[in-house]
Structures are given as C-alpha cells and as structure tokens.
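Colleague: I'd like to go through this model with you and pin down what the labels rest on. Can you show me the sequence and the structure?

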Amino acid sequence: MLLGEAKDVVREHFGRLGLNTTILTLGLTEGRKLIEREGNFWWMKGTYDASAVINQQDYSIQSGGDFDIDNFKDARALLWKKASDVNWQPVEVGIVDHDELDQMYDEDDQGNPEFALIDNTTLKLYPPLPDLEYDLRLYFYQWTDNPTANTDTDDLLKNYGMALCYGAIIWGFEMQLKDLQGASYWRNLLGGTPFGHGGEIAKLKRENFKRDWKDRVMLTPHLGAGRLTRRSITNLNIYCR
Amino acid sequence: MADDVVVKRPNEIQTYDYDFTPKLPLDAALSASTVAAVDEEGNSAAVLGTKSVSGLILSVPLQGGTDQKDYTVTMQATGTTSADVREWVVELRVRRNLQGVV
C-alpha cells in the first residue's frame with residue numbers, strides 16, 4: 001500500500017472532504033504511534049557508532065548529541081571495542097538499576113565499559129571513567145515517521161497497511177467525529193480486546209517474534225554437560241530439562 | 001488547509017476558475033496574480049497550464065500530475081483598488097482509479 005492509498009482508504013470513512021489533508025496526515029502519524037507504542041518492531045531498528053571519551057561517563061542520545069539519533073525509543077544492545085580491535089564485546093545495558101550500579105562501582109573506577117543504563121536521554125557507562133577512547137556501537141529502536149510522498153511506502157505500509165489505516169481511523173473517530181463507540185470498533189480491528197492482544201497488532205507481534213527468533217532466543221540445556229555452554233549474555237533463555 | 005478539492009485523472013486537463021469577488025469586494029479587477037503548485041512534500045510541481053484573468057476571475061488549467069499524488073495549488077490575486085492580496089487554495093488529487101463525487 002502506498003501512502004496515498006492509505007490516505008484514500010481513511011478518507012472514504014469520513015467523506016472525501018470530511019477530513020482535510022493536514023488533519024489526515026496528523027491522524028496517520030498518530031496511527032503509527034499507536035502501533036509503535038505496542039512494541040519494538042523490526043522497522044524501528046537502527047545502529048549508531050560513537051566513541052567513548054576518556055573519563056566521561058555520560059553520553060547524550062538525541063538529535064545532535066553524542067549518539068545523534070532522532071526519536072530514540074529503546075536500546076537493544078550496546079557493544080564496545082578498542083579502536084585497534086576487530087571484535088566487539090557486549091555491554092550489559094539496562095539490566096541493572098542506576099542505584100545498584102552506583103553502589104557496585106566507585107566514582108573513580110576506570111576501565112572498559114561493563115554495564116550501561118539509559119537515564120532519560122543520557123547513556124551512562126560503568127565503570128564511570130573509561131580509560132581509553134573505546135568504540136561504542138548502540139543497537140536501538142526509534143519512533144518512525146510515515147513517508148512524506150504519497151507514492152512512497154515502507155515496511156509497515158507495504159505489508160500491514162491496514163494497521164496504519166485503522167490507527168488513523170481510530171484517531172479520526174475520536175478527534176474529528178467524537179464517536180467513541182465507532183472508534184472502539186476500529187480499535188478492536190487494530191488491537192483486539194484487551195488492546196494489543198488481537199487484530200493487526202497481534203499479527204505484527206507474531207511477525208516480530210518470528211524475525212527475532214533467530215537472534216534473540218537461546219535454547220539452553222539446564223542440566224547435564226550442555227549446562228557448561230550457557231553463555232553470560234543476558235537474553236531470553238528457554239531452559240530445556 | 002485547502003478551500004476546495006479537485007479530483008482528476010492524470011491525463012485530464014481541467015480549467016479551474018475562481019472568482020475573487022467575495023474576497024475582494026471593493027475591486028473590479030486584479031492588478032497582479034500568481035498561481036503555484038507544490039506536491040505533498042512541498043516540491044514545485046508542473047501541473048499548471050497558463051493562467052488567465054478576466055475581471056476578478058482567475059483561471060488556470062490543471063493538467064498532468066502523477067497518479068496517487070496530492071498537489072496544493074495556491075491562487076493569489078491583488079485587487080486593483082484595495083491593493084488587498086487574497087489567496088484561494090485548491091487541493092488537486094490525481095487519481096486514475098478513484099473517481100466519483102467528492
């Protein structure tokens with residue numbers, strides 16, 4: 001589905017003159033937000049390379065910041081390496097709370113990044129004082145925008161275009177028509193009841209899970225010799241007895 | 001926000017007239033006028049023929065355009081007497097397969 005086709009589908013539910021294009025564009029933006037609030041989906045993934053600064057713990061994540069990322073939503077992973085190395089090492093990001101990390105490390109602890117957390121739009125490294133200018137690679141999710149041209153499309157529109165249309169129609173019914181009952185019909189088509197457990201969003205989540213299966217889920221023998229192969233990377237572990 | 005909406009097929013040429021009388025009630029003629037079109041990304045678009053003026057009526061042929069695109073056509077007129085500058089905005093939707101009453 002092209003963006004222009006999505007606009008036409010939504011317009012047909014309000015009369016072709018019933019929803020002016022500026023408001024329709026806002027509706028489609030809100031429709032995308034409604035979907036993206038329900039999870040971290042594959043089209044939202046990105047990576048950004050930056051460098052640690054010696055003795056600097058905090059790095060901003062925002063447009064024009066140390067991690068120059070627009071519309072950052074969530075971190076997936078963080079890796080580090082020395083500039084001269086070729087292999088990346090994992091940093092545990094977002095696993096341990098801020099106060100616990102402050103207790104675990106002294107304020108003058110130096111070394112390579114071991115833990116990190118994101119506090120609002122700031123990435124904090126632990127130990128607090130990097131001893132070298134390490135390369136950092138942040139894997140993240142970001143809020144995305146609809147294409148701007150009517151003749152353009154993207155992964156969400158191309159394969160799950162009706163999800164976006166439903167989202168925009170919900171917004172239109174609530175904001176334009178003030179018809180909450182009508183909106184609930186479309187809301188059910190988008191996300192089922194309770195919201196997020198059915199409809200198009202459930203299909204999106206299933207596809208998301210399928211795509212992530214290969215690199216996120218690890219089958220780990222809980223007993224026996226295989227137990228020794230358990231890795232320290234925090235991941236979604238399924239223990240097999 | 002557009003004042004009017006026109007839906008046309010890509011190959012059609014449709015002359016659009018706007019009478020500025022309600023917006024320029026003190027005037028009998030236009031001293032200047034422009035017509036410009038942009039697509040939904042704000043890029044200038046070649047969907048206009050040669051404009052013409054008759055009294056307070058500004059006319060422009062709407063032509064060409066890419067299927068599925070929406071264009072914003074801004075017609076601007078200056079009244080001879082009042083020197084007021086008024087605009088009329090038309091949203092031109094080019095659709096090959098979506099027709100009928102808007």
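Colleague: What makes H2(A) and H4(A) roughly perpendicular to each other?

Modeller: Quick caveat before that: this is a predicted model, where local features need pLDDT of at least 70, side-chain atom pairs count only at pLDDT 80 or more, and totals for chains, interfaces and linings use all residues. Residues are numbered from 1 along each chain as its sequence is written, while chains are lettered from A and ligands numbered from 1 in the order in which they are written.

Modeller: Now the angle. H2(A) and helix H4 (residues 155-175) of chain A pack at about 115 degrees, with their axes 7 Å apart. Axes are lines fitted to C-alpha atoms, for helices over the stretch in contact, and angles run from 0 to 180 degrees between N-to-C directions. Angles under 35 degrees count as roughly parallel, over 145 as roughly antiparallel, 65 to 115 as roughly perpendicular and the rest as oblique. Therefore H2(A) and H4(A) are called roughly perpendicular.

Colleague: Which hand does the crossing of H2(A) and H4(A) have?

Modeller: Right-handed. A crossing gets that name if the near helix is turned clockwise from the far one by less than a right angle, and left-handed if anticlockwise. On the H2(A) side the contact includes Gly27(A), Leu28(A) and Ile35(A), and on the H4(A) side Ala163(A), Leu164(A) and Trp171(A) are among the residues. Contact here means that the C-beta atoms of two residues, placed from the backbone, lie within 7 Å.

Colleague: What classes of residue make up the contact of H2(A) with H4(A)?

Modeller: Eight nonpolar, four polar and two charged residues. For the classes, Ala, Val, Leu, Ile, Met, Phe, Trp, Tyr, Cys and Pro count as nonpolar, Asp, Glu, Lys and Arg as charged, and the others, Gly among them, as polar.

Colleague: Why are H4(A) and H5(A) called roughly antiparallel?

Modeller: The axes of H4(A) and helix H5 (residues 180-191) of chain A cross at roughly 165 degrees and come within 8 Å. Set that against the antiparallel cut-off, and H4(A) and H5(A) are therefore roughly antiparallel. Their crossing is left-handed. Tyr166(A) and Phe173(A) of H4(A) take part, among others, and so do Trp186(A) and Leu190(A) of H5(A), by the contact cut-off. By class, that contact has 10 nonpolar, two polar and two charged residues.

Colleague: Moving to a single residue, why does Leu24(A) count as buried?

Modeller: Leu24(A) has 22 C-beta neighbours inside 10 Å, so it counts as buried. A residue is buried if 20 or more other C-beta atoms lie within 10 Å of its own, exposed if 12 or fewer, and partly exposed in between, with C-beta atoms placed from the backbone. Leu24(A) lies in helix H2 (residues 21-36) of chain A. Leaving out residues up to four places away in sequence, Leu24(A) touches Lys7(A), Val10(A), Arg11(A) and Leu19(A).

Colleague: And why is Asp67(B) only given as partly exposed?

Modeller: Its count is 16 C-beta neighbours inside 10 Å, so Asp67(B) counts as partly exposed. Asp67(B) sits in the loop between strand E5 (57-63) and strand E6 (70-79) of chain B. Its C-alpha is 5.2 Å from that of Val94(B), though the two are 27 residues apart in sequence.

Colleague: How do you know that H1(A) is largely enclosed by the rest of the structure?

Modeller: Seven of the nine residues of H1(A) are buried, so that helix is described as largely enclosed. Leu3(A), Ala6(A) and Val10(A) are among the buried ones. The buried residues of H1(A) pack against H2 and H4 of chain A. The axes of helix H1 (residues 3-11) of chain A and H4(A) come within 9 Å and cross at roughly 35 degrees, and the crossing is right-handed. Their contact has nine nonpolar, two polar and no charged residues.

Colleague: What do you call a helix or a strand, and how many does chain A have?

Modeller: Helices (H or I, at least four residues) and strands (E, at least two) are DSSP runs, numbered from the N terminus. Chain A has six helices and 11 strands. Of its 241 residues, 28% count as buried.
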